[in-house]
Amino acid sequence: MGKKVHDKVVYRDYNPHQLRLPIDIESFIPADHAVRVVSQAIDQLNLESLFAKYPGGGRPSYHPIMMTKLLMYAYVDRTYSVRRIAKAAQENIIYMWLCCNNYPDYKTINTFRKERLGDIIVEVFSEVVALLHARGCISLENYFLDGTKIEANANKYSFVWGKSVKRYKENLRKNCEKLLAEIDLLNAQEEEGVETTPINSADLAEAVRTLDGMLSIDPKAKKLKRARLRIVRDYLPRMKKYESQEEILASRRSFAKTDPDATFMRMKEDHMRNGQLKPGYNIQIGTENQFIVGYSVHQAPGDTSCFQAHHEQAKEILGSLPKNVVADAG
């Protein structure tokens, strides 16, 4: 066995207060890192529509190209929470280099994502597709289309069913007609020759005004007071709620209260194996050479009903429809 050279304990140099070289943190970013790809790609995009979102005046804004790079790389890094993105911009050396030591807070990032980038995300995506085409990565001749359902970030028990809303609203209308007939308001309309239509919230509001006029003449009329109280406290709020739900539903069969844009549909992941419907969206994605070149988000669960709408958006992104479309039987 060899002898020890010495018994002295030795540590690597550690002095937090000593300035060290290199000062530029870019030297710590690997040459083939994904953040460099994102940065170089966005530098080549035409983002005039994004710059137009800034009216000018007030405090200096964070540069839109920097904010776009920050969001795009965060998504590549599978970081979607604005609070976590803001935290990474202050603590993660990759994000710090990308932002050039700018530290936007989570409110600023959220505002940029919603108000600046939200309306023009399709235009930005189109610029990325055009860049891929210019570099020869895609030819836009073959378009491979498929869909998948993703679960919404909504309470799975906050459902509103279209058939139930229709049934509840019809029962409420019958109760309203009965009440108005009891106080002779409905009969008065029929005697005057006014064509009666299914009662809605506007009719109930008008009935309240009529009752107020009648009560001003006879303030002690208990029957009128009870009718007015029932309309104001029960019938009118419920009618407005059902009308609002029907407006949200439109042609859909259901929606989630905590995410009205989500529709209840069957997911591919059914861990309980009971066919439970969950709030979600139908995402249609078109690819070529393993690049996503088209996408669309739908509220309909079936792929067939989304086919035409998807191609209309694909045409907006690509400028023209691809020559060949390959899809499954769905």
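Me: Which word applies to Lys 169, buried or exposed?
Reply: This is a predicted model, in which local features need pLDDT of at least 70 and side-chain atom pairs count only at pLDDT 80 or more, whereas totals for chains, interfaces and linings use all residues. Residues are numbered from 1 along each chain as its sequence is written, and side-chain values use heavy atoms, with hydrogens and water left out. Buried means under 20% relative accessible area, exposed over 50% and partly exposed in between (1.4 Å probe, protein chains only). The relative accessible area of Lys 169 is 8%, and this residue therefore counts as buried.

Me: How many residues apart are Glu 246 and Lys 169?
Reply: The side chains of Glu 246 and Lys 169 meet in a salt bridge, at 2.7 Å from N to O; the term requires a side-chain nitrogen of Lys or Arg within 4 Å of a carboxyl oxygen of Asp or Glu. With Glu 246 in helix H11 and Lys 169 in helix H8 (residues 162-182), the pair links distant parts of the chain, and the separation in residues is 77. Helices here are DSSP runs (H or I, at least four residues), and strands are runs of E (at least two), both numbered from the N terminus. As for the acidic partner, Glu 246 is partly exposed at 30%, and the separation asked for remains 77.

Me: Which parts does the salt bridge of Lys 53 and Asp 119 tie together, and how many residues apart are they in sequence?
Reply: The two side chains, Lys 53 and Asp 119, meet in a salt bridge with an N to O distance of 3.2 Å. Lys 53 lies in the loop between helix H2 (48-51) and helix H3 (64-76), while Asp 119 lies in the loop between helix H6 (106-116) and H7, so the parts tied together are separated in sequence by a number of residues equal to 66.

Me: What is the relative accessible area of Asp 119?
Reply: Its partner Lys 53 is partly exposed, with a relative accessible area of 25%. Asp 119, by contrast, counts as exposed, because its relative accessible area is 61%.

Me: Which residue forms a salt bridge with Arg 209?
Reply: Side chains of opposite charge can pair when their charged atoms come close. For Arg 209, which is exposed at 51%, the closest N and O atoms of the pair are 2.7 Å apart. Both residues lie in helix H10, three residues apart, or about one turn of the helix. The partner is partly exposed at 41%, and its name is Glu 206.

Me: How many salt bridges does a search of the whole structure find?
Reply: Among them are the pair of Lys 53 and Asp 119 and the pair of Arg 209 and Glu 206. The search of the whole structure gives a count of nine.

Me: Which helix gives the largest share of the positive patch?
Reply: Lys 178, Lys 220, Lys 222, Lys 223, Lys 225, Arg 226 and Arg 230 gather on the surface in a patch of positive charge; patch residues have over 30% relative accessible area and no salt bridge, with like charges joined within 9 Å and nonpolar side chains (Val, Leu, Ile, Met, Phe, Trp, Tyr) within 5 Å. Lys and Arg count as positive, Asp and Glu as negative, and His and the chain ends are not counted, while a charge is placed at NZ of Lys, CZ of Arg, CG of Asp or CD of Glu. Lys 220, which lies in the loop between helix H10 (201-217) and H11, is exposed at 75%. The largest share of the patch, five residues within 222-249, comes from helix H11.

Me: Which residues does Ser 39 touch, not counting those up to four places away in sequence?
Reply: Ser 39 has its place in helix H1 (residues 34-43) and is buried, with a relative accessible area of 11%. With contact taken as heavy atoms within 4.5 Å, the residues touched by Ser 39 beyond four places in sequence are Lys 69, Trp 97 and Leu 98.

Me: How far apart in space are Leu 211 and Arg 228, C-alpha to C-alpha?
Reply: Leu 211 lies in helix H10 and counts as buried, with 0% relative accessibility. Leu 211 and Arg 228 are 17 residues apart in sequence, and their C-alpha to C-alpha separation in space is 6.6 Å.

Me: Near which value is phi of Cys 100?
Reply: Most residues other than glycine have a negative phi, and most peptide bonds are trans. Cys 100 lies in the loop between helix H5 (93-98) and H6 and is exposed at 60%. Its phi is positive, although the residue is other than glycine, and is near 55°.

Notes. Areas by Shrake-Rupley, 256 points an atom, 1.4 Å probe, with all protein chains shown as cover.
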